[in-house]
Amino acid sequence: MTGLTATLDFANLTVGMVVAEREFHLTRDSLVRYAGASGDFNPIHYRDDVATSVGLPGVLAHGMLTMGIAAQPVVDWIGDPGLVSDYQVRFTRPVLVDATEGALVRVVARVGAIDASADGHSEARVDLTVTSADETVLGKAQLRIRAASA
Amino acid sequence: MGVNPDIAGRVFPPAEPYLVGREKIREFARAVFSENPVNLDPDAARARGYADIVAPPTFPIVVQERTLAQLLAEPDAGIDFTRVVHGDQRFKYSRPIVAGDELTATLTVTSVKSLGGHSMVTSESAIVDATGAHVVTATSTLVVRGDES
């Protein structure tokens, strides 16, 4: 636990600091895999004909898949998913996943704020910038992280 | 037919309990590109003080989904599934979900709003473990597109 506590010493964090970043390559295979794992079998996530019939430009990634991968770099940074106290996003723009090229989703995590929580322990707010094809796809994407108990 | 505003405040019966399997967590973790040993390897999870592998932060959606299915199927709610778009999502955690948990989710409709011909239905699903202790609350806003769009 020493390493964890050292990593999460909030005294070393400053607002605006980039704490994690990662790029994900989503393919149609990724969407089928997420459909099976999550139980969300809406065909707009794997069938072009259904997607276009409801007015979409093509097959989209599940919003919850984008939310799921976006948390991953932060969880890897803190090491322990149990330190996440809150995670929220708005789905502002869909991620189009081309049948042959797939889609790149880029996640950059920055310290948004460091606060004292109600019980006197510190919490850090980490703001995620999530983009695909140069456009932001998630709004107000924020995780709150508890300081590791020493 | 639009969304019935009178469903605001309605509390649904608890959904069927969900028993969290280790392989289900692994399957979900791989689907969200997790390579974190705490999500995959029981020994790594135990070294962190957990009884078994830990679910990724968005796994509660799988448990919450049972309650959203209740909401969508509610006869007088007037929610047309084919017009539903996921607007936002939030999880507030007391602790992470761990393999072996038996979880029960109870949905409350917190608000129904109209905006530019669309309806926004916000609901909160409180998820508790077999002892009744709070694990996580999952909040979703579903946007139900209006007839003319």
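Which residue just after H1(B) takes a positive phi? Hold that thought for a moment while I set the scene.

What you have in front of you is a predicted model, where local features need pLDDT of at least 70, side-chain atom pairs count only at pLDDT 80 or more, and totals for chains, interfaces and linings use all residues. Residues are numbered from 1 along each chain as its sequence is written, chains are lettered from A and ligands numbered from 1 in the order in which they are written, and side-chain values use heavy atoms, with hydrogens and water left out.

Okay, back to the question. It's B:Phe33, with a phi of about 65°. When I say helix or strand, I mean DSSP runs numbered from the N terminus: H or I with at least four residues for helices, E with at least two for strands.

Let's stay with H1 of chain B, residues 22-31. Its buried residues are B:Ile25, B:Arg26, B:Phe28, B:Ala29 and B:Ala31. Buried means under 20% relative accessible area, exposed means over 50%, and partly exposed is in between, using a 1.4 Å probe and protein chains only. So what covers those buried residues of H1(B)? The cover includes H2, helix H3 (42-47) and H4 of chain B, together with helix H2 (28-38) and helix H4 (63-78) of chain A.

B:Arg26 counts as buried because its relative accessibility is 16%. B:Arg26 also forms a salt bridge with B:Glu23, at 2.8 Å between the closest N and O atoms. A salt bridge here is a side-chain nitrogen of Lys or Arg within 4 Å of a carboxyl oxygen of Asp or Glu. Those two sit three residues apart in the helix, so about one helical turn separates them.

Next, where the chains meet. 31 residues of chain B are in contact with 34 residues of chain A, contact being heavy atoms within 4.5 Å. The area buried between them is about 2,700 Å², and carbon and sulfur atoms give 56% of that. Buried area is the accessible area (1.4 Å probe) that two parts lose on being put together, summed over both. And here's our friend again: B:Phe33, B:Arg48 and B:Tyr93 lose the most area to chain A on the chain B side, together 23% of what that side buries.

Which strand of chain B gives the largest share of the side that touches chain A? That's S2(B), with eight residues. S2(B) also pairs with strand S2 (residues 84-91) of chain A, antiparallel, over five bridges; strands pair if DSSP finds at least two bridges between them. One of the bridge partnerships is A:Val89 with B:Gln89.

Across that interface there are two salt bridges. A:Asp86 forms a salt bridge with B:Arg90, with 2.8 Å between the closest N and O atoms.

Last stop: the whole structure has 19 salt bridges over all chains. In one of them, A:Asp115 meets A:Arg144 at 3.0 Å. That pair links strand S3 (residues 103-116) and strand S6 (residues 138-146) of chain A, 29 residues apart. In chain B, B:Asp76 and B:Arg10 meet at 2.7 Å, N to O. B:Asp76 is in the loop between helix H4 (60-73) and strand S2 (84-93), and B:Arg10 is in the segment before strand S1 (18-19), so this salt bridge ties together parts 66 residues apart in sequence. Both ends are partly exposed: B:Asp76 at 39% and B:Arg10 at 25%.
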